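Colleague: Please give me a close look at the salt bridges in this model, and then at the packing around the parts of the chain they touch. Keep it chatty, but give me the cut-offs.

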Amino acid sequence: MTARRVGGPSGRTCVYKIIPKEPHLKILVLSPHRDDAAFSLSIAITNWLTARHTVTILNVFTRSRYAPYSDAAFVHENDELSYVSAMRLREDEHFLRRMTETLPKGLKNNLHMADLNLKDAPIRLRIPVEELSDTAVNPADPAIEKIRKALTKQSETGAMEALVLPAALGKHIDHRTVREAAMPLTTTIPAAFYEDLPYATTHPSAATDLESLRESAEQRNEPLSPAIYQIEAAVERKRKLILGYASQIDDEAGTLISDFANRYDGGERLWANQAWLNTFAST
């Protein structure tokens with residue numbers, strides 16, 4: 001099968017509308033927190049599942065006290081971590097159910113989720129939420145090695161034939177840590193970077209962060225090309241899916257995140273290496 005090229009927003013860049021080929025692949029999605037895969041990839045994941053690929057979401061920093069739209073502030077301090085972490089797990093489980101409820105019976109088991117159970121940055125690094133985008137990645141952060149070991153395990157079990165990881169737009173320290181840990185793998189397997197939401201649409205550094213990612217890839221002689229995944233009624237579906245993360249966002253944020261898909265005619269844009277393009281499409 002082929003992938004049709006269309007002109008990018010600048011008129012200079014070719015954007016690939018991906019039409020997956022046989023065989024069906026096992027795609028691993030790295031999600032720094034429980035909501036990141038949903039916010040940034042609900043449309044793409046729906047596309048992949050419909051195309052009969054298998055998707056595993058690997059959540060990294062799942063131990064958290066961050067739940068600004070919940071009643072966590074009324075919980076005793078000693079119980080807050082377990083309370084919020086459990087709440088966010090329930091939101092993730094609800095997301096999985098909503099993602100698969102309309103799939104044919106034979107495809108419902110093609111979406112999986114695994115957790116690394118690591119502490120998020122405010123707990124792990126003891127920094128306030130306000131400094132999450134201003135803190136540099138520590139190469140000695142034990143989380144990096146733990147992420148790499150988990151990826152090795154996923155690869156050895158055959159669950160990672162292609163890798164999807166955050167572009168780290170907005171410079172969130174957890175997103176950059178996950179990206180740093182996974183970067184060595186992007187030279188050996190099909191890999192694509194997703195545009196982190198809501199940061200891609202709200203953070204002032206998002207555009208320059210993306211340009212830096214692309215420039216770094218060019219310097220390594222590993223250029224990245226845009227690939228768009230689309231589905232019908234994308235904005236409406238995405239909004240319904242992400243509003244299930246009620247501890248993290250309100251209706252306004254849900255609309256902002258889902259409307260981002262209008263930029264790509266009801267799709268989500270990833271930045272893919274050549275191995276990804278070769279695997280998923282004939283250009």
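**A close look at the salt bridges**

Modeller: Let's start in helix H8 (residues 234-242), where Glu236 and Lys240 both sit, four residues apart, or about one turn of the helix. Helices (H or I, at least four residues) and strands (E, at least two) are DSSP runs, numbered from the N terminus. Before going on: this is a predicted model, with residues numbered from 1 along each chain as its sequence is written. Local features need pLDDT of at least 70, side-chain atom pairs count only at pLDDT 80 or more, totals for chains, interfaces and linings use all residues, and side-chain values use heavy atoms, with hydrogens and water left out.

Back to H8: Glu236 and Lys240 form a salt bridge (a side-chain nitrogen of Lys or Arg within 4 Å of a carboxyl oxygen of Asp or Glu), with their closest N and O atoms 3.4 Å apart. Both ends are partly exposed: Glu236 has a relative accessibility of 49%, and Lys240 comes out at 47%. On that scale, buried is under 20% relative accessible area, exposed is over 50%, and partly exposed is in between (1.4 Å probe, protein chains only).

Elsewhere, salt bridges that share partners tie Arg34, Asp92 and Asp115 into one network. Within it, have a look at Asp115 and Arg34, whose side chains meet in a salt bridge at 2.7 Å, N to O. This pair links distant parts of the chain, 81 residues apart. Asp115 belongs to strand S5 (residues 111-115), while Arg34 is in the loop between strand S3 (26-31) and helix H1. The two ends sit in unlike surroundings: Arg34 is buried, with a relative accessible area of 7%, whereas Asp115 is partly exposed at 35%.

For another example, pick out Glu101 and Arg98, a salt bridge with its closest N and O atoms 3.0 Å apart. Here both residues are partly exposed, Glu101 at 46% relative accessibility and Arg98 at 26%. By this rule, the count for the model comes to 11 salt bridges.

Now for the packing. The loop that holds Arg34 lies between S3 and H1, and both of those elements turn up again around helix H5. Eight of the 10 residues of H5 are buried, so this helix is largely enclosed by the rest of the structure. If you want to click through the buried ones, they are Ile173, Asp174, His175, Arg176, Thr177, Val178, Ala181 and Ala182. They pack against S3 and H1, and also against helix H3 (121-124), helix H4 (142-156), strand S6 (162-166) and H6.

H1 also matters for the count in the largest nonpolar core, giving eight residues, the largest share. That core (buried Ala, Val, Leu, Ile, Met, Phe, Trp, Tyr and Cys joined through side-chain atoms within 4.5 Å) has 69 residues, and Trp48 and Trp276 have the most contacts inside it. Those two tryptophans also touch each other: leaving aside neighbours within four places in sequence, Trp276 is in contact (heavy atoms within 4.5 Å) with Trp48, Ala162, Leu163, Val164, Pro190, Ala191, Ala192 and Tyr229.
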